[in-house]
Amino acid sequence: MNRLIEYFIDNRRLNYALLAFLIFMGVSAYIKIPKEMFPDVELDKILVRGTYAGTSASVMDKMAVRDLEDGMSSIVGITKSETLITPGGFAITLTLDEHANRANTLSKVKDAISQTRQYLPSDMSEPTAIIMDKSKSLLHLSISSQTLSKAELIVLTKELKNKIARIPNINEVAIRGDSEEQLSIRLNSEAIRAYGLDHSALLGAISNLSYIYPIGNIEEQGNFVFISTTEASRDALEWQESVLKVGEKFVRLGDVASVALEFPQDDTLASFNGVMSMNLVISKGEQGNSMELSQKLRAYIEKIKPSYPDVSFDFYQDNSKPIEKRLNIVVSNMMFGLVLVFLSLYILINLRIAFIVAMGIPFSFIIGLLFIYYMGYTINIVSLLGALIVIGIVVDDAIVVSENIQRHIDEGMEPRAAAITGVKEMILPVTLATVTTVVAFLPMFMLKGEISLFLILIPIVVVMILLGSLLESFLFLPLHAVEFLKKSNNLVDWTGFQELYARVLSYFISYKKTFLLLFLILIPIATFMTMKSMKFQFFPNFDGNNLYISGKMDINTPLEETYRIAGEIERELM
């Protein structure tokens with residue numbers, strides 16, 4: 001280790017080149033690393049979803065869910081199945097064994113769905129199966145208009161959806177408030193009776209209009225017949241001119257019914273600020289910066305606004321905003337901590353040590369950021385929590401090493417020799433101090449279940465930044481100490497305080513048995529008294545109009561005692 005320290009001290013150009021390279025890599029990684037609200041993780045669960053409009057929950061269970069559950073019950077690797085059935089839809093959550101291969105199990109589930117398809121209703125869409133993840137939507141876009149018809153607004157929204165989906169790193173764009181185009185046929189009861197037609201025979205004739213494809217799902221509501229036009233013609237005039245054979249009679253559809261294309265609101269409803277609208281839920285993929293994507297989407301909408309003067313575009317639920325705020329909090333805390341460390345060291349030791357230690361904080365975080373980036377993780381609320389935890393610990397190594405080097409310089413040693421000797425003396429204690437902190441976070445690597453997929457980032461961030469602090473203290477700090485440190489000229493003379501502390505410490509050591517006995521007696525007593533005084537704590541809260549007082553009691557506090565204290569407070573306030 002001595003040779004490595006001497007090598008980095010003697011090769012100054014290499015040392016500074018490495019520092020410059022680390023700064024460049026750190027800035028580049030910070031720009032490129034995805035920034036999320038929560039980490040995107042795949043859970044050990046598979047979600048099977050299906051819809052069949054118009055069915056009740058009990059009918060859905062009998063017609064589809066039971067057959068699907070039976071088909072998937074024999075798949076190896078599934079430990080639990082949970083089913084939620086609602087009118088018109090269902091969701092089956094399959095929990096996998098921790099050793100099961102998610103991709104293979106998903107493939108088996110899809111095969112089971114395909115094999116069960118023959119038992120499901122013919123007009124029901126085939127259920128889908130996906131691996132569940134915790135990724136969140138990026139933002140929502142509301143599209144509304146006071147002049148455009150619903151049909152025109154739906155067409156515009158679908159066009160916009162296709163354009164946004166082509167933007168890089170956009171994973172999914174879902175429409176809320178959409179509805180399928182349907183053909184509305186309003187039967188004329190008087191005309192049907194005048195032609196002497198049978199009502200049910202007329203419905204059968206309508207369903208047989210297309211001999212290539214089924215014209216769609218027929219739904220009768222009073223005198224209305226709604227027909228899905230997925231495969232059929234979308235020209236109302238063509239439908240009116242259609243000739244029907246009802247029994248032995250031929251009749252034109254337009255003579256017994258009125259035909260129109262409509263967009264009934266069957267599936268979802270969406271509104272923004274009380275106005276009915278079409279909403280786009282935009283989600284990003286694993287890659288990409290949420291803040292940059294949000295800005296890019298906003299710029300794109302601003303660009304196309306002049307082309308749609310009658311349409312209002314409004315963004316809401318922008319999840320990049322909290323990410324930006326949390327990043328600003330971490331950066332501001334780091335800068336504020338750096339300033340406090342600098343001022344504290346300047347007052348307690350000297351200006352040169354304050355400068356050297358303050359330089360070590362950004363380099364430690366840069367090294368930690370590089371580890372996080374190249375390991376494939378992102379900046380999110382969990383990784384930022386890890387950074388906040390370690391921000392107060394990261395300066396300890398640099399303070400101890402630099403102060404020890406300063407001590408040797410004050411004793412008359414040359415800066416180079418003082419740096420080598422000071423670092424050599426501190427390698428073992430500083431390393432052990434860092435390792436003890438690292439070991440405290442190691443049990444988090446042994447967590448299992450869904451919670452481990454989120455919390456695993458905390459120990460990774462803490463360990464990587466602490467290792468970066470060690471590297472900075474042992475390899476880069478010695479060169480800075482050689483170039484900047486001189487005999488100290490402290491702002492405050494601590495000689496008197498140090499002598500007082502030495503006398504007190506010497507007195508404690510002289511009577512060590514007595515003070516050890518007092519320690520063992522007084523500490524438990526003080527702990528008990530503190531806990532007793534904290535049985536009931538009060539927390540006032542003022543909302544601008546009213547003052548609320550809430551209390552926190554110890555679990556062992558009798559309920560009668562709680563009521564008594566509350567009564568006393570009430571009487572005092574009255």
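Select threonine 431 to begin: in this predicted model it is partly exposed, with a relative accessible area of 25%, a value that lies between the 20% under which a residue would count as buried and the 50% over which it would count as exposed. Threonine 431 belongs to helix 15, and, leaving aside residues up to four places away in sequence, threonine 431 touches Met426, Leu470 and Phe474. Add leucine 470 to the selection and draw the C-alpha to C-alpha distance, which comes to 7.3 Å between threonine 431 and leucine 470, although 39 residues separate the two in sequence.

Stay on helix 15, which covers residues 415-441, and move along to threonine 434. Is threonine 434 buried or exposed? Its relative accessibility is 4%, so threonine 434 counts as buried, the cut-off for that class being under 20%. Show the neighbours of threonine 434 next: apart from residues up to four places away in sequence, the contacts are with Asp397, Leu466 and Leu470. Leucine 470 is thus a residue to keep displayed, since it appears among the contacts of threonine 431 and also among those of threonine 434.

Zoom out for a moment to take in the whole protein, which has 20 helices and 18 strands. Of its 574 residues, 39% are buried, and the protein exposes about 33,400 Å², of which carbon and sulfur atoms supply 59%. If contacts with a sequence separation of 6 or more are drawn, 75% of them join residues that are 24 or more positions apart.

Now select strand 2 (residues 78-86) and strand 3 (residues 89-96), which run antiparallel and are joined by 8 bridges. Together, strand 2 and strand 3 form a hairpin with 2 residues between them, and in the turn glycine 88 has a positive phi of about 90 degrees. Two of the pairings can be picked out individually: isoleucine 85 has phenylalanine 90 of strand 3 as its bridge partner, and glutamate 82 has threonine 93 of strand 3.

How many residues of strand 3 are buried? The count is 8 of 8. In a regular strand, side chains alternate between the two faces of the sheet. Colouring the two sides of strand 3 separately shows that both faces are covered, with Gly89, Ala91, Thr93 and Thr95 buried on one side and Phe90, Ile92, Leu94 and Leu96 buried on the other.

The next stop is an open sheet of 4 strands, in the order 6-15-5-16, with antiparallel pairing. Its edges are strand 6 (170-176) and strand 16 (311-316), each of which pairs on one side only, and from one strand to the next the twist averages 20 degrees. Within this sheet, select strand 5 (residues 137-145) and strand 15 (residues 278-284), an antiparallel pair joined by 6 bridges; here leucine 141 has leucine 280 of strand 15 as its bridge partner.

Two helices can then be added to the view of this sheet. Helix 5 (residues 150-165) packs on the sheet, where it touches strand 5, strand 6, strand 15 and strand 16, and its direction makes about 10 degrees with that of strand 15. Helix 10 (residues 290-304) lies across strand 5, strand 6, strand 15 and strand 16 as well, and runs at about 15 degrees to strand 5.

From the edge strand 16, step into the loop that leads to helix 11 (320-348), and select glutamine 317, which is placed there. Its phi is near 50 degrees, a positive value in a residue other than glycine. Glutamine 317 counts as partly exposed because its relative accessibility is 48%.

For the last stop, show the surface and select Leu517, Leu518, Ile521, Leu522, Ile525, Phe528 and Met529, which form a nonpolar patch with about 690 Å² of accessible area together. Within this selection, look at methionine 529, a residue of helix 19 (residues 512-533). Methionine 529 has a relative accessible area of 48% and is therefore partly exposed.

Definitions and conventions:
Residues are numbered from 1 along each chain as its sequence is written. This is a predicted model: local features need pLDDT of at least 70, side-chain atom pairs count only at pLDDT 80 or more; totals for chains, interfaces and linings use all residues. Side-chain values use heavy atoms; hydrogens and water are left out. Two strands pair if DSSP finds at least two bridges between them. Axes are lines fitted to C-alpha atoms, for helices over the stretch in contact, and angles run from 0 to 180 degrees between N-to-C directions. Contact means heavy atoms within 4.5 Å. Buried means under 20% relative accessible area, exposed over 50%, partly exposed in between (1.4 Å probe, protein chains only). Patches are made of residues with over 30% relative accessible area and no salt bridge: like charges are joined within 9 Å, nonpolar side chains (Val, Leu, Ile, Met, Phe, Trp, Tyr) within 5 Å. Accessible areas come from the Shrake-Rupley method with a 1.4 Å probe; for residues, only the protein chains shown count as cover. A salt bridge is a side-chain nitrogen of Lys or Arg within 4 Å of a carboxyl oxygen of Asp or Glu.
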